[in-house]
Amino acid sequence: MALDDHADLGTFFLRIGTGLYFLWVGITLLVRPDLQAVFAGVLSKTPLVFLGGVGQTVMVMYTLYLLLGALLLLGLFTRLSGFVIAVLAIINMAVINWQMTIDVVGLLGLLNMAKDILLLTIGASLFFTGAKMYAVDCIMVD
């Protein structure tokens, strides 16, 4: 049994790990108003503030994170979720991270940018591979 026989299992673990990450971030933002305030402070200095207010944008973000986490754990609409993750990573790098690296010069800004580069590659991978096993997508396609 070669390692290539387990490629679908690798995609499964990538999907589950990413889903848990998004759920964790969404729940953390939901229950911690102090983190919402920090996030709102960064957003208030970016062009995203014109999308309908900082408070609404923060609410949309943690709702989107919770939804993406749930969809990935279920394996439902995996390709669409991967696409949304990639787009979010690009938006974060293009808009939010430039402000973060100006405000928080140093390691924290670089780590945040590295996280978004990683999320971009994960999103692209999930978009191109989809859910390979143990997913609602597999049941719906068959």
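## Two salt bridges

Let's start with Arg32, which is partly exposed at a relative accessible area of 37%; here buried means under 20%, exposed means over 50% and partly exposed is in between, using a 1.4 Å probe and protein chains only. This is a predicted model, where local features need pLDDT of at least 70 and side-chain atom pairs count only at pLDDT 80 or more, while totals for chains, interfaces and linings use all residues. Residues are numbered from 1 along each chain as its sequence is written, and side-chain values use heavy atoms, with hydrogens and water left out.

Arg32 pairs up with Asp34 in a salt bridge, and the closest N and O atoms are 2.7 Å apart. To count as one, a side-chain nitrogen of Lys or Arg has to sit within 4 Å of a carboxyl oxygen of Asp or Glu, and the total by that rule is two. Asp34 is partly exposed as well, at 41% relative accessible area. The other bridge joins Asp116 to Lys115, with 3.0 Å between the closest N and O atoms. Its two ends sit in contrasting settings: Asp116 is buried, at 0% relative accessible area, whereas Lys115 is partly exposed, at 24%.

## The overall chain

What does the chain have in the way of helices and strands? You'll find six helices and zero strands, so reading from the N terminus the elements go α-α-α-α-α-α. Both kinds of element are DSSP runs numbered from the N terminus, with helices (H or I) needing at least four residues and strands (E) at least two.

Of the 142 residues in the chain, 37% are buried. The accessible surface, from the Shrake-Rupley method with a 1.4 Å probe and, for residues, with only the protein chains shown counting as cover, adds up to about 8200 Å². Carbon and sulfur atoms hold 77% of that surface. As for contacts (heavy atoms within 4.5 Å), take those with a separation of 6 or more: 74% are between residues 24 or more positions apart.

## Arg15, a buried arginine

Arg15 belongs to helix 1, residues 7-31. It's buried and yet has no salt bridge. Which side chain of opposite charge is nearest to Arg15? That's Asp137, 7.0 Å away; for charge, Lys and Arg count as positive, Asp and Glu as negative, and His and the chain ends are not counted.

Arg15 does have a backbone oxygen to look at: the one from Met133 lies 3.0 Å from a polar atom of the Arg15 side chain. A polar contact is a pair of N or O atoms within 3.5 Å; within protein, one must be able to donate a hydrogen and the other to accept it, and residues adjacent in sequence count only if both atoms are side-chain atoms. Setting aside residues up to four places away in sequence, Arg15 touches several others, including Leu72, Leu73, Leu74, Gly75, Thr78, Leu126, Met133 and Tyr134.

## The nonpolar patch

Which residues make the nonpolar surface patch of about 780 Å²? They are Phe77, Leu80, Phe83, Val87, Ile91, Phe127, Phe128 and Met140. Patch residues have over 30% relative accessible area and no salt bridge, with nonpolar side chains (Val, Leu, Ile, Met, Phe, Trp, Tyr) joined within 5 Å and like charges within 9 Å. Helix 4 (78-103) and helix 5 (107-129) each put in at least two residues, and helix 4 gives the most, with four.

Phe127 sits in helix 5 and is partly exposed at 33% relative accessibility. Phe77 is in the loop between helix 3 (54-74) and helix 4, and is partly exposed at 43%.

## Loops and a helix 3 residue

Phe77 also has a positive phi, near 55°, despite not being glycine. Tyr134 is another non-glycine residue with positive phi, near 50°. Tyr134 falls in the loop between helix 5 and helix 6 (136-141) and is exposed, at 59% relative accessibility. Gly53 is in the loop between helix 2 (33-43) and helix 3, partly exposed at 25%. Its C-alpha is 9.4 Å from that of Ala40, 13 residues apart in sequence.

Leu64 is in helix 3 and partly exposed at 24% relative accessibility. Beyond its neighbours within four places in sequence, Leu64 contacts Val84 and Leu88. The C-alpha atoms of Leu64 and Gly26 are 7.7 Å apart, with their positions 38 residues apart along the chain.
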